[in-house]
Amino acid sequence: MTNIPLFRIIKEDRWVKPFFKQYKLALGIAVLLGFLTFFSAGALMFISGFLISKSASRPTNILLVYIPIVLTRTFGIARPVFRYLERLTSHNWVLKMTSKLRLKLYQTLEQDAIFIKRDFRLGDVIGLLAEDINHLQNLYLRTVFPTVIAWILYIFIVIALGFFSWWFASFMLLYLALLILVFPLLSVLVNGARQQKEKTLKNGLYTELTDNVLGVSDWIFSQRGQEYVALHERSQDQLIAVQAKMKAFQNKRTLIFELAYGLLILATFFWASGQFTGNHGGEANWVAAFVLSWLPLIDAFTGLSTASQEADSYADSLERLNALPHLRANAITDKHPQAPYDFKIEKLSFSYPNDRKLVLDLLDLTIPQGEKLAILGRSGSGKSTLTSLLRGDLQPSAGRLLFGGVPTTALGEISSSYISVIQQAPYLFRTSLLNNIRIGNEEASPDQVWQVLERVGLKEMVEALPQGLDTMVDEAGFRFSGGERHRIALARILLKETPVVILDEPTVGLDPITEKQVLATFMEELGEKTVIWITHHLKGIEYADRVIFLENGKLEMAGSLAFLTETSPRFRHLKAVDDGEI
């Protein structure tokens with residue numbers, strides 16, 4: 001929740017302000033059309049009031065009311081026409097602005113994609129897209145535009161009344177100021193903070209709900225499902241309570257505003273009665289004209305209070321967006337890791353934002369270059385978090401994590417040149433098989449691709465395809481089996497030639513025979529590379545040089561297969577269970 005004034009943020013803004021300058025002509029036309037809309041509405045009622053009064057006096061000649069009849073028709077047609085043109089112009093401006101804002105946001109996120117997960121959760125990004133940009137379009141539609149129109153009308157009304165009565169014009173100068181200054185100011189003081197809190201709670205819900213739904217399996221496996229539901233319900237209840245208070249205040253404010261506006265109309269009636277009756281004869285027809293002209297103008301002033309109270313939330317949206325371009329500058333480093341490419345983890349602790357629970361707690365670990373390390377632990381033990389920290393996607397809460405002497409969070413874009421990852425479900429794109437494999441190295445020749453396909457055991461399968469390497473892959477690559485997709489992912493990495501490979505539970509969902517074959521291929525072909533293998537069971541554990549167990553963020557067991565088998569009854573029990581002996 002920001003404490004920086006909106007005007008200061010707008011002054012330094014690099015997101016919305018440029019579009020105000022770029023489309024200033026369209027903005028000016030929209031403001032003019034908005035003013036003409038209310039002017040036509042007021043003039044329609046003004047002329048109608050005069051026409052009704054004049055007709056009630058039974059004029060001797062129809063020509064005496066002919067001009068008011070024509071003007072009534074003119075302003076009656078002009079009002080919807082100007083309204084339509086104003087909506088067309090203003091909404092066209094807004095759609096252009098928001099579409100380019102989204103494009104700029106996508107480009108910013110794509111440019112800094114490697115740093116996003118480290119500094120933001122997915123829900124934060126969705127909040128930017130769904131809440132901030134959608135909200136900022138209201139900066140124009142509900143704040144800037146109505147405020148400018150209201151002030152132009154305010155000045156016009158005071159000047160126009162000055163031609164009839166300077167003292168009544170002075171009275172309206174003060175009374176209208178009450179409506180367009182005091183009411184909005186009161187709304188900012190009372191409801192502004194609530195408006196900002198509402199937006200903060202919505203952003204929080206986007207973040208919490210998105211991240212929790214994506215990780216719902218962890219909640220279920222850790223038997224914390226009710227806690228997850230309660231967490232969401234608590235945030236939702238807070239949001240509903242804030243919205244209820246806002247609505248109650250708005251209802252009271254609207255009632256008081258309409259009463260005040262009714263007094264304004266009464267004041268105009270008494271002034272016009274004294275100004276145009278008595279010895280003025282036919283001028284009494286102007287009384288209804290002045291009184292009725294106020295009725296459509298209430299729409300120009302009544303929305304200012306709501307628009308003003310949203311100012312702080314606009315500031316919050318602008319501040320969040322303007323913070324994005326700095327991500328790359330803060331993350332870039334000129335340092336490159338130096339061989340040997342060892343990982344050194346010292347007193348490492350980590351917890352997610354707004355969560356006091358430590359996912360990892362004072363972890364000490366060294367992973368020398370070339371070691372094949374298996375990391376085990378039940379869901380929620382910190383395995384996935386540790387791999388994200390190893391890749392530099394997350395920032396440690398405390399302690400250090402170095403790769404080749406450089407903090408992993410400082411690697412930035414060069415991280416992918418040193419560390420590769422094979423996920424649980426490798427993704428294949430809707431393009432040729434050749435392009436899918438050359439993602440690891442776009443400069444690789446077809447001969448090099450055939451070589452890695454032979455190494456991973458796919459050469460014969462690809463040769464049997466009608467179009468070979470030019471075979472088009474369907475969306476997500478479902479024409480290939482799970483084992484084949486994993487081998488294709490391995491082929492990508494072999495072309496990439498990174499010194500470190502992280503296997504993030506790569507055999508989940510594979511049958512036992514395929515699992516054994518895939519693991520054998522992985523370990524054989526990765527050779528002298530550092531392999532960090534995240535797994536949930538002990539199948540194939542004999543391929544690992546060292547095995548570690550994480551539990552509640554701490555290192556519970558560590559050692560070679562032989563060492564743990566000899567010294568740890570718990571490990572022997574787990575191995576027997578996994579082998580089906582118990």
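**Helix packing and a four-stranded sheet**

Student: Gly483, His486, Arg487, Leu490, Ile493 and Leu494 lie in H19; which residues do they meet in H20?
Tutor: Residues are numbered from 1 along each chain as its sequence is written, and side-chain values use heavy atoms, without hydrogens and water. This is a predicted model, where local features need pLDDT of at least 70, side-chain atom pairs count only at pLDDT 80 or more, and totals for chains, interfaces and linings use all residues. With contact meaning heavy atoms within 4.5 Å, and helices being DSSP runs (H or I, at least four residues) numbered from the N terminus, the H20 partners are Thr514, Gln517, Val518, Thr521, Phe522, Glu525 and Leu526.

Student: How do H19 and H20 run relative to each other?
Tutor: H19 spans residues 482-496 and H20 spans 512-526, with axes 10 Å apart. Their angle is about 5 degrees, taken between N-to-C directions on a 0 to 180 scale, with axes fitted to C-alpha atoms over the stretch in contact. Angles under 35 degrees count as roughly parallel, so H19 and H20 are roughly parallel.

Student: Nice! Which strands stand at the edges of the open sheet?
Tutor: Four strands (E, at least two residues) follow the order E2-E1-E4-E5, with antiparallel pairing; strands pair if DSSP finds at least two bridges between them. Each edge strand has a single partner, so one side of it is left without a neighbour in the sheet: these are E2 (360-367) and E5 (406-407).

Student: And what is the bridge partner of Leu348 in E2?
Tutor: E1 (residues 343-350) runs antiparallel to E2, and five bridges join them. In E2, Leu348 finds its bridge partner in Leu363.

How values were computed:
Angles under 35 degrees count as roughly parallel, over 145 as roughly antiparallel, 65 to 115 as roughly perpendicular and the rest as oblique.
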